[in-house]
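Trainee: I should like to learn how to read a structural model in an orderly way. Could you take me through one, feature by feature?

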Amino acid sequence: YSGRAPHIHVKVKLGTRQLLTTQLYILGDTQNERDGVWRNFTDPADRAAVTVAFSPTADGLRANFPITVAA
């Protein structure tokens, strides 16, 4: 997307029921501050929930994004 920070789309489903749709952003990426969607998260805790650190590995990058679904 032109003008957007790098991000990954995530959708969590249980059977046919959609539980969550969100985007993950890269912690420390300089484009986050200019991204309109990321800026809409005005609460720092909300931004932290969708902004994750990526670490280099032998075969690319790795990030940990825990998702808890309560019944």
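Mentor: We shall go from the overall layout to the sheet, then to one residue, and finally to the surface. Please bear in mind throughout that this is a predicted model.

Trainee: How many helices and strands are there in the protein, and what pattern does the protein follow along the sequence?

Mentor: One begins by listing the elements. The protein contains two helices and five strands, and reading along the sequence gives β-β-α-α-β-β-β. As for extent, the C-alpha trace spans about 35 × 35 × 25 Å along its principal axes.

Trainee: What percentage of the residues count as buried, and what share of the contacts joins residues 24 or more positions apart?

Mentor: Of the 71 residues, 21% count as buried. Among contacts with a separation of 6 or more, 34% are between residues 24 or more positions apart.

Trainee: Next, the sheet. In what order do its three strands lie, and how are they paired?

Mentor: To read a sheet, one follows the pairing from strand to strand. Here the order is β1-β2-β3, in an open sheet of three strands with mixed pairing. Its edges are β1 (7–14) and β3 (51–52), each of which pairs on one side only.

Trainee: Which sense does each pairing have, parallel or antiparallel?

Mentor: Between β1 and β2 the sense is antiparallel, with eight bridges. Examples of positions in this pairing are Val12, whose bridge partner in β2 is Leu20, and Lys11, which stands opposite Thr21 of β2. By contrast, β2 and β3 run parallel and are joined by two bridges. There, Ile26 has Val52 in β3 as its bridge partner.

Trainee: What lies between β1 and β2?

Mentor: The two strands form a hairpin with two residues between them. In the turn, Gly15 has a positive phi of about 65°.

Trainee: Let us turn to a single residue. Where is Asp35 found, and is Asp35 buried or exposed?

Mentor: One locates the residue first and then examines its accessibility. Asp35 sits in the loop between β2 (17–26) and α1 (36–39). Asp35 counts as buried because its relative accessibility is 0%, the cut-off for that class being under 20%.

Trainee: Which residues is Asp35 in contact with, beyond its neighbours within four places in sequence?

Mentor: Those residues are Arg4, Ala5 and Tyr25. For Ala5, the backbone nitrogen lies 2.8 Å from a polar atom of the Asp35 side chain.

Trainee: What does Asp35 form with Arg4?

Mentor: The general idea is that side chains of opposite charge can pair when their charged atoms come close. In this case Asp35 and Arg4 form a salt bridge, with their closest N and O atoms 2.5 Å apart. Arg4 lies in the segment before β1 and Asp35 in the loop between β2 and α1, so the pair ties together parts that are 31 residues apart in sequence. Both residues are buried, and the structure holds one salt bridge.

Trainee: Finally, which residues form a nonpolar patch on the surface?

Mentor: For a patch, one notes its members and their joint area. The members here are Leu20, Ile67 and Val69, which together have about 220 Å² of accessible area. Leu20 was met above as the bridge partner of Val12, while Val69 is placed in the segment after β5 (60–63). For the whole protein, the accessible surface comes to about 5,400 Å², and carbon and sulfur atoms account for 54% of that surface.

Notes: Residues are numbered from 1 along each chain as its sequence is written. This is a predicted model: local features need pLDDT of at least 70, side-chain atom pairs count only at pLDDT 80 or more; totals for chains, interfaces and linings use all residues. Side-chain values use heavy atoms; hydrogens and water are left out. Helices (H or I, at least four residues) and strands (E, at least two) are DSSP runs, numbered from the N terminus. Buried means under 20% relative accessible area, exposed over 50%, partly exposed in between (1.4 Å probe, protein chains only). A polar contact is a pair of N or O atoms within 3.5 Å; within protein, one must be able to donate a hydrogen and the other to accept it, and residues adjacent in sequence count only if both atoms are side-chain atoms. Contact means heavy atoms within 4.5 Å. Two strands pair if DSSP finds at least two bridges between them. Patches are made of residues with over 30% relative accessible area and no salt bridge: like charges are joined within 9 Å, nonpolar side chains (Val, Leu, Ile, Met, Phe, Trp, Tyr) within 5 Å. Accessible areas come from the Shrake-Rupley method with a 1.4 Å probe; for residues, only the protein chains shown count as cover. A salt bridge is a side-chain nitrogen of Lys or Arg within 4 Å of a carboxyl oxygen of Asp or Glu.
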